[in-house]
Amino acid sequence: MAYDSILVDIDNHICTVRLNRPDALNALNIDLLRELGKALGEAQKNDKVRCIIITGSEKAFAAGADIKMMSEKSFTDVFMGDLFTPEEDAIMRIRKPIIAAVSGYALGGGCELAMMCDFIIASDTAKFGQPEVNLGVMAGMGGTQRLTRLVGRAKSMDMNLTGRFMDAEEAERAGLVSRVVPCKKLIDEATGAAKKIAEKSMISVMAIKEAVHRSDQLPLSEAVLFERRLFHSMFATEDQSEGMAAFIEKREPQFRDK
């Protein structure tokens, strides 16, 4: 399928989605977000896709939501139209793992999009921020909520109230990103991680994703019980038998997602 604002490539069980609005530093407008949701939905349905990467350019992952798109809207427009909700929901419904490969600016909606992914691999040029306060508004796609859960209250308050940027080194220390690599090696690193995930049982991968996301939403006792029941359920799968047999026999497992 051809898209106007994104580029999609599927190779070796990995779907790479590249945000492609270079003249606007990949600013997120409704058309781009809808195309992204559509592409991710197609990847979810495609049995050949086992992991997804979302990336941008070296200069910008996404420099924010499109201010020109929003500047003339009223409260009634955004509230009655539920601005960004359907697009965010479409992304969050994806059950396959999503890696954000971030280089350059990931600001406002760009930072929020990266945080919607399952983990972030950043280049050493990456800069994260929630500078909406500079526009007289605030984050609206998780910038006060997901960011607080990832980096803690103090840093989230600092970034949201002052609008300051966090560089890649600080983002890794704070727990926002999983690893930092040289800019030229970013896609290779993300692809390498995606290949490792693609080798695993998709049943286990999706269960892990579901369990980790549930950790933000439940008390610890309930979350651990949820995890344990998912763990127990793995013993009803062929992949559990194959994985443990392969370990005992000192060979590579041949998972069949069954």
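Strand β7, residues 119–123, is mostly covered: four of its five residues are buried. The model is a predicted one. Start from this strand and work outwards.

**Around β7**

β7 has a partner strand in β5, residues 98–102. The two pair in the parallel sense, over four bridges. One pair to look for is A100, which stands opposite I120 of β7. β7 is also joined to β10, by three bridges. These two strands run parallel as well. Here A122 has V180 in β10 as its bridge partner.

**The whole sheet**

Now step back. Six strands make up an open sheet. Their order is β1-β2-β3-β5-β7-β10, and the pairing is mixed. Which strands stand at the edges? They are β1, residues 6–11, and β10, residues 179–181. Each has a single partner strand, so one side of each is left without a neighbour in the sheet. On average, neighbouring strands are turned by 20 degrees against each other, direction ignored.

**The β1 edge**

β1 pairs with β2, residues 14–19. The sense is antiparallel, and there are six bridges. Follow two of the pairs across. V8 has V17 as its bridge partner in β2. I10 stands opposite C15, also in β2. β1 and β2 form a hairpin with two residues between the strands. In this hairpin, N12 takes a positive phi near 55 degrees.

**A buried threonine**

T55 belongs to strand β3, residues 51–55. Is T55 buried or exposed? Its relative accessibility is 3%. Buried means under 20%, so T55 counts as buried. Leave aside its neighbours within four places in sequence, and T55 is in contact with T16, V17, R18, L19, F61, A101 and I187. V17 is the residue that pairs with V8.

**Positive phi values**

Most residues other than glycine have a negative phi. The residues in this table have a positive one.

| Residue | Place | Phi |
|---|---|---|
| N12 | hairpin of β1 and β2 | near 55 degrees |
| L25 | loop between β2 and α1 (30–45) | about 50 degrees |
| F84 | loop between α3 (75–80) and α4 (85–92) | near 80 degrees |

How covered are L25 and F84? L25 is partly exposed, with a relative accessible area of 29%. F84 counts as buried, at 9% relative accessibility. The cut-off for buried is under 20% relative accessible area, and partly exposed runs from there up to 50%. So F84 falls under the cut-off at 9%, while L25 at 29% lies in the partly exposed range.

**A patch on the surface**

Finally, turn to the outside. I67, L135 and V137 make a nonpolar surface patch. The area of this patch is about 280 Å². Where is L135 placed? L135 sits in the loop between β8, residues 127–129, and α6, residues 146–151.

**Back to the start**

Look at β7 once more. β7 pairs with β5 over four bridges, and three bridges join β7 to β10. β10 is an edge strand with a single partner. Four of the five residues of β7 are buried.

Terms used
Residues are numbered from 1 along each chain as its sequence is written. This is a predicted model: local features need pLDDT of at least 70, side-chain atom pairs count only at pLDDT 80 or more; totals for chains, interfaces and linings use all residues. Side-chain values use heavy atoms; hydrogens and water are left out. Two strands pair if DSSP finds at least two bridges between them. Axes are lines fitted to C-alpha atoms, for helices over the stretch in contact, and angles run from 0 to 180 degrees between N-to-C directions. Buried means under 20% relative accessible area, exposed over 50%, partly exposed in between (1.4 Å probe, protein chains only). Patches are made of residues with over 30% relative accessible area and no salt bridge: like charges are joined within 9 Å, nonpolar side chains (Val, Leu, Ile, Met, Phe, Trp, Tyr) within 5 Å. Accessible areas come from the Shrake-Rupley method with a 1.4 Å probe; for residues, only the protein chains shown count as cover. A salt bridge is a side-chain nitrogen of Lys or Arg within 4 Å of a carboxyl oxygen of Asp or Glu. Contact means heavy atoms within 4.5 Å.
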